[in-house]
Amino acid sequence: MNLYVLAFCAPRPPAVRGARVADSSEPMSTRQSDPPAPADGFETLAYNLRWTWDRETRAIFSRLDPDLWRETRHNPVELLRRIAPATRNGDPALVAHVRHGLSLLDEYLADRSMTPGPRRVAYFSAEFAITECIRVFSGGLGVLAGDHLKSASDLGLPLVGVGLLYRDGYFTQYVDEEGVQRERYLHLEPARLPLRSETTAHGAPLLVPLAFPGRTVHARVWRADVGTIPLYLLDTDVEQNDAEDRHITDRLYGGDQEHRVKQEIVLGVGGVRALEQLGHPIEVLHLNEGHAAFAILERIGQTMRRESLAFEQALQRVREEMVFTTHTPVEAGHDYFPPELMGRYFRDWLEWVGIPWDTFFDLGRTSVQGRATTFCMTALAMRGSRARNGVSRLHGDISRAMWQGLWSAGRSADVPIGHVTNGVHLPSWVGPHMSRVYTDYIAERWQGRSGAVDWTRIRDVPAARLWSAHVDEHERLIERLGDQLRAQALQRGAATTGPTVSPRPDALTITFARRFATYKRATLLLRDPARLARIVGDAQRPIQFIFAGKAHPRDDAGKQLLHDVFAISQQPEFAGHIFFVENYDIELARYLVRGSDVWLNVPRRPHEASGTSGMKSAANGGLNLSIADGWWAEAWAEHNAWDTRIGWVIPEHEYHDPGAQDAADAATLYDLIENEVMPLYHARDEDGLPQGWIAMMRAAIGQICPFFNTDRMVSEYAADYYQLGIERTAASG
């Protein structure tokens with residue numbers, strides 16, 4: 001662990017406030033004088049989500065019943081519910097495996113344990129992707145938040161996560177015979193998930209009260225243990241609420257503006273109150289996007305009441321403890337609420353803190369000039385935070401220009417917004433075959449200490465060994481895609497047009513897997529069908545393209561892009577070369593990032609704030625082909641110093657006309673695929689190895705893995721953002 005992270009973790013005497021829920025802040029441990037009974041051991045392993053990034057523990061659940069493990073979407077609690085204890089304990093080898101898994105968990109927790117006491121940093125996010133069975137995420141923001149918690153656990157940071165438990169989660173996607181996206185919602189039952197209900201000292205469910213117009217809404221608190229990190233999820237589906245309020249936390253990013261306001265009150269205000277009831281006197285609040293910005297208002301009210309401060313004094317005090325990360329340079333990605341809606345839900349708060357309406361509403365204005373007409377959650381988060389950052393170097397530049405109006409800065413360079421480039425949690429995303437290569441050649445315990453590993457040792461891996469590992473992951477992907485494509489065809493029935501063809505294991509596989517938003521340009525590759533047909537028609541150099549991703553249910557333009565991709569995949573000249581795979585989620589993503597040869601990303605620059613899927617692919621030896629946007633602009637310029645390149649970049653040639661921009665970028669994309677990517681992939685030596693390709697794999701792994709990981713990212717937050725907040729909070733307290 002880096003020295004500055006160790007300094008951050010140095011224990012301090014806990015300041016206890018309010019009632020404490022038993023053991024709410026200590027990591028769950030399996031240390032006992034005698035080994036636990038096997039049945040208890042299964043549950044202990046199931047309820048700590050470290051299994052999501054520990055292959056040995058996952059193997060225990062898969063060993064119980066591989067088919068049921070897949071059927072339950074890798075939900076160990078549901079798996080154990082369906083398998084009798086006698087069956088679990090009947091195999092001595094399995095019992096021994098469980099005991100070994102418990103010892104590994106115990107060792108992990110003991111190695112990262114700290115002096116018991118309250119957490120010091122709270123990480124708020126509207127979504128968290130830890131595992132596919134807890135569907136409280138939609139895409140990249142949630143995956144980033146989940147990886148943040150995992151690395152915080154690996155590094156031993158005293159952090160707690162706060163989010164919402166969406167009973168219907170985000171939608172499950174299927175595409176009908178006409179190529180139209182359809183949405184299904186699957187209801188979550190918390191008792192059948194690896195979640196625990198937080199309780200009062202009397203054993204009743206812990207409920208957080210929230211003042212809504214004319215009534216009190218209650219939110220129940222569920223807890224997931226992510227290694228050493230507790231993640232608290234608030235849920236309004238409780239009998240104390242009326243029927244309408246029980247649906248506040250129903251769907252992620254669903255409903256109208258009022259529904260969104262109610263959800264964000266539960267997240268921001270309710271999250272702060274939940275931590276107080278749980279006995280966590282937080283010193284730093286990290287807001288991951290503006291959805292949780294109402295936490296600032298709650299902290300202001302608490303500070304005014306507790307310390308008898310005026311509003312402006314309390315605001316200044318609260319700023320010292322707030323860190324805000326913005327993730328999007330796209331206007332539609334920010335929440336704006338009308339004054340009548342804000343008045344309906346915050347009039348009582350205004351009276352309580354004693355400030356006029358204009359003072360309050362101006363917290364959400366997007367400029368220092370004039371009056372606000374809508375209340376912007378991002379503006380509130382920016383104004384109410386001491387430290388703010390974008391998620392790549394380029395996104396930091398874009399954010400400073402985008403939000404310059406919040407300050408009286410003459411130049412965007414003077415706007416106080418920094419950047420912390422995103423990363424990925426490598427143990428969660430590196431496949432088993434590539435992981436063994438890293439264990440044998442990089443470091444025996446490379447997982448969990450990614451930033452401290454000498455990744456240049458990838459040069460020592462024999463070409464045949466590195467290529468064999470990639471081929472093994474590739475073949476797993478092809479098998480997985482074949483199964484899913486056949487299932488999709490069966491679901492559509494006889495009305496499906498065109499033949500059902502599976503991807504080829506010997507074909508160069510280029511994957512576009514991301515949200516179907518218009519700026520991501522999913523159809524850029526399809527712009528010249530005649531040229532694309534010539535490329536895929538090369539019998540000597542087989543190539544195939546995999547598409548996956550969801551459009552937001554209300555994004556008609558995104559749905560049209562998806563329809564266009566599906567439609568071309570059904571045309572005879574592209575059948576067997578272009579595939580659309582339904583329901584892109586983290587389970588499918590693991591296969592795609594591990595087994596794809598090339599990861600394709602073609603956003604309209606500079607609309608990709610960061611992007612992390614390409615980092616995951618690179619960590620598995622995949623090569624990126626991307627616009628110089630987000631993380632790839634940074635990687636290409638600053639982490640591409642070896643003699644061999646780390647991938648391919650579509651260079652900047654920006655046009656004012658979007659059509660001209662698309663035409664130029666598409667032409668460059670075709671040229672790169674046809675004249676560089678395909679020849680290099682299919683050029684083999686006498687042993688059948690693509691030596692030039694393998695050299696690029698080494699360059700990508702050796703230069704991308706050391707930096708683009710969440711161990712480095714979380715360490716930066718700890719040293720540059722959290723520690724200063726803790727010191728200032730301590731000084732002011």
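User: Buried means under 20% relative accessible area, exposed means over 50%, and partly exposed is in between (1.4 Å probe, protein chains only). Which residues of helix α23 (residues 630–638) are buried?

Analyst: Quick background: this is a predicted model, where local features need pLDDT of at least 70, side-chain atom pairs count only at pLDDT 80 or more, and totals for chains, interfaces and linings use all residues. Residues are numbered from 1 along each chain as its sequence is written, and side-chain values use heavy atoms, with hydrogens and water left out. Helices (H or I, at least four residues) and strands (E, at least two) are DSSP runs, numbered from the N terminus. With that in hand, the buried residues of α23 are Gly630, Trp631, Trp632, Ala633, Glu634 and Ala635.

User: What covers the buried residues of α23?

Analyst: Here we go by contact, meaning heavy atoms within 4.5 Å. The cover for the buried part of α23 includes α15 (393–402), β14 (418–419), α22 (613–619), β19, β20 and α25.

User: How many of the 14 residues of α25 are buried?

Analyst: First, a check on the length of α25 (residues 691–704): at 1.5 Å a residue its 14 residues should span 20 Å, and its end C-alpha atoms are indeed 20 Å apart. The expected span there is 1.5 Å times one less than the number of residues. The buried set has Trp693 and Gly702 among its members. The rest of the structure largely encloses α25, because the buried count is 11 of the 14.

User: In what order do the six strands of the open sheet come?

Analyst: Two strands pair if DSSP finds at least two bridges between them. In this sheet the pairing is parallel. The edges, each pairing on one side only, are β17 (578–581) and β20 (647–650). Going across, the order is β17-β16-β15-β18-β19-β20.

User: What does the twist average from one strand to the next?

Analyst: Axes are lines fitted to C-alpha atoms (for helices, over the stretch in contact), and angles run from 0 to 180 degrees between N-to-C directions. Strand to strand, the average twist is 20°.

User: In β16, which residue is the bridge partner of phenylalanine 512?

Analyst: Strands β15 (residues 508–513) and β16 (residues 543–548) run parallel and are joined over six bridges. Phenylalanine 512 has as its partner in β16 phenylalanine 547.

User: And which residue stands opposite asparagine 601 in β19?

Analyst: β18 and β19 also run parallel, with four bridges between them. β19 is mostly covered, as five of its five residues are buried. The residue opposite asparagine 601 is serine 626.

User: At about what angle to β20 does helix α24 (residues 658–682) run?

Analyst: Two helices are worth a look here. Helix α21 (residues 586–595) packs on the sheet, touching β15, β16, β17 and β18 (598–601), and makes about 155° with the direction of β16. Helix α24 lies across β15, β16, β18, β19 (623–627) and β20, and its angle to β20 is about 165°.

User: Why is the pair of tryptophan 53 and tyrosine 108 called edge-to-face?

Analyst: Rings of Phe, Tyr and Trp (its six-membered ring) pair if their centres lie within 6.5 Å; planes under 30 degrees apart count as stacked, over 60 as edge-to-face and the rest as tilted. That rule gives 30 aromatic pairs. In this one the centres are 6.3 Å apart, and the pair is edge-to-face because the planes are at 70°.

User: How far apart in sequence are the parts that phenylalanine 360 and phenylalanine 375 tie together?

Analyst: These two rings are stacked, 5.5 Å centre to centre with 25° between the planes. Both residues are buried. Phenylalanine 360 lies in helix α13 (residues 357–361) and phenylalanine 375 in strand β12 (residues 375–376), so the parts they tie together are apart in sequence by 15 residues.

User: Over which ring does the charged end of arginine 184 sit?

Analyst: A charge sits over a ring if NZ of Lys or CZ of Arg is within 6 Å of the ring centre and within 35 degrees of the ring normal. Lysine 550 does this with phenylalanine 171, at 5.0 Å from the ring centre. For arginine 184, at 3.9 Å, the ring is that of tyrosine 174.

User: Which residue does a cis peptide bond join to arginine 605?

Analyst: Most peptide bonds are trans. Here, though, omega is about 5°. The partner, found in the loop between β18 and α22, is proline 606.
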